Amino acid sequence: MRLVIIGGGILGTAHALAAIRRGHEVVHLERETEARGATVRNFGLVWVSGRASHELDAALQSRDLWEEIGGRIAGVGFRPTGSITLLRTPDEVAVAEEMLTRVDAVDRGFELLDPKEVRALNPALRGKFLGGLHCSRDAAVESRVALPAIRAYLAATGRYDFHAGTEARSVTSSTSGASVRDDRGNTYDADLVVFCPGANHTGLTRELAGELPVRRVRLQMMQTAPLGEPFPTAIADGDSFRYYPAFAGTALDALASNQAQDFTAAEHKMQLLCVQRLHGGLTIGDTHEYAEPFAFDVDESPYEYLTGVVEELLGRKLPEVVRRWAGVYSQSLDPGELVHRKQVDDHTWVVTGVGGRGMTLSPFLGEQSADLFDL
């Protein structure tokens with residue numbers, strides 16, 4: 001079968017990977033010269049720990065797929081970092097303790113660490129905290145370089161053609177297949193078209209699928225110069241309990257009642273996530289903004305707040321911040337959906353809305369779509 005996949009982010013690329021794995025041919029179109037959306041603006045975290053119960057099996061399968069992909073494609077930079085959610089108050093410790101009583105605690109690889117055990121696992125954490133919730137199943141990939149590495153692997157099969165700087169303008173279906181026309185007037189015939197538009201909900205997306213039940217979410221992040229020492233695990237702070245659905249429960253309700261967020265953190269709907277890149281710098285974030293129109297610039301106060309939190313946990317000054325950026329991703333309005341798929345006709349699907357789980361879930365979602373499409 002011949003597929004045309006529109007959209008060169010991680011979701012579109014994962015669909016290409018699944019199709020090539022099953023012996024099909026793929027023509028892949030990306031309107032930018034290189035993907036510039038949410039795929040390259042995230043942490044690169046494969047985040048099992050915070051996933052809701054209905055998402056957990058998919059996240060675990062996707063994590064195993066990432067490990068397999070990383071074993072075959074070295075440039076992906078897969079590493080089983082695990083994560084530590086650092087606990088700074090008794091209410092945060094109570095949430096972690098409640099998580100250990102859940103039936104899926106073992107599947108998530110949860111264990112509660114005291115400060116000495118935290119520092120044994122990540123010696124760079126010399127600051128103030130009461131303990132940490134360790135998740136051994138979390139992992140990381142290099143989000144800025146993973147896509148070119150995967151595409152090079154796909155191209156080596158001889159069944160994959162990537163067209164950069166190529167914007168799909170129309171999709172026309174017939175009884176036997178579909179045809180995609182690009183902005184240069186070229187056409188690409190396909191048995192199946194899979195359109196993964198990311199956060200671009202207008203234009204061809206709207207023309208094909210109408211108004212989708214998805215929203216856009218904007219975030220801010222930053223990256224430091226090399227830390228100068230290994231930072232073996234990803235870390236989160238207790239505010240991540242408020243954000244990730246896995247932690248819902250009586251202990252979290254008590255935390256929300258007893259422990260107000262810092263004003264800046266509450267205003268920008270923040271949590272701390274932090275992971276070290278292979279070059280040694282730390283990627284740190286993030287904020288959440290839901291009401292459009294989004295600002296075209298970045299706000300400095302969240303960066304100041306995050307810097308303070310990380311320095312408290314490290315017990316040292318951060319290296320110089322060398323990059324700051326904002327990004328936008330697409331999120332399904334249905335909390336029960338892993339991703340929103342809409343079949344436009346017999347030969348065309350639109351797939352978007354994976355939310356802040358794109359890097360975590362895309363390998364699984366690509367395989368799931370391949371099953372759904374009978375590839």
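In this predicted model, R216 stands opposite S330 in β17, where two strands count as paired if DSSP finds at least two bridges between them. R216 belongs to a pairing in which 11 bridges join strand β13 (residues 214–224) to β17, the two running antiparallel. Helices (H or I, at least four residues) and strands (E, at least two) are DSSP runs numbered from the N terminus. Residues are numbered from 1 along each chain as its sequence is written, and side-chain values use heavy atoms, with hydrogens and water left out. Because the model is predicted, local features need pLDDT of at least 70 and side-chain atom pairs count only at pLDDT 80 or more, whereas totals for chains, interfaces and linings use all residues.

The wider setting is an open sheet of eight strands with mixed pairing, in the order β5-β6-β4-β14-β15-β16-β13-β17. β5 (110–113) and β17 (321–332) stand at the edges, each with a single partner strand, so one side of each is left without a neighbour in the sheet. From one strand to the next the twist averages 20 degrees, with axes fitted as lines to C-alpha atoms, for helices over the stretch in contact, and angles taken from 0 to 180 degrees between N-to-C directions. Helix α3 (residues 90–100) packs on this sheet and touches β4 (83–87), β5 and β6 (131–135), its direction making about 145 degrees with that of β5; contact here means heavy atoms within 4.5 Å.

A nonpolar core is a set of buried Ala, Val, Leu, Ile, Met, Phe, Trp, Tyr and Cys residues joined through side-chain atoms within 4.5 Å, buried meaning under 20% relative accessible area with a 1.4 Å probe and protein chains only. The largest such core has 46 residues, of which L3, V26, W66, V76, V194 and L365 touch the most other members. Among the elements that give two or more residues to this core are β1 (2–6), α1 (10–21), α2 (53–72) and α12 (358–372). Leaving aside neighbours within four places in sequence, L3 is in contact with residues including V26, L192, V194 and L375. A second, separate core of 29 residues includes L45, Y244, L273 and W325.

The second largest pocket has a volume of about 370 Å³, a pocket being, on a 1 Å grid over the protein atoms alone, an open set of points with protein on both sides within 12 Å along at least five of seven lines, lined by residues with an atom within 4 Å of a point. Of its 18 lining residues, E55, P245, Q331, P335 and R357 are the closest to its centre. Both α2 and β17 supply at least two residues of that lining.

Note on methods
Buried means under 20% relative accessible area, exposed over 50%, partly exposed in between (1.4 Å probe, protein chains only). On a 1 Å grid over the protein atoms alone, a cavity is a set of points where a 1.4 Å probe fits but cannot get out, and a pocket is an open set with protein on both sides within 12 Å along at least five of seven lines; lining residues have an atom within 4 Å of a point. Grid points are joined across faces, edges and corners, and a volume is the space filled by probe spheres set on the points.
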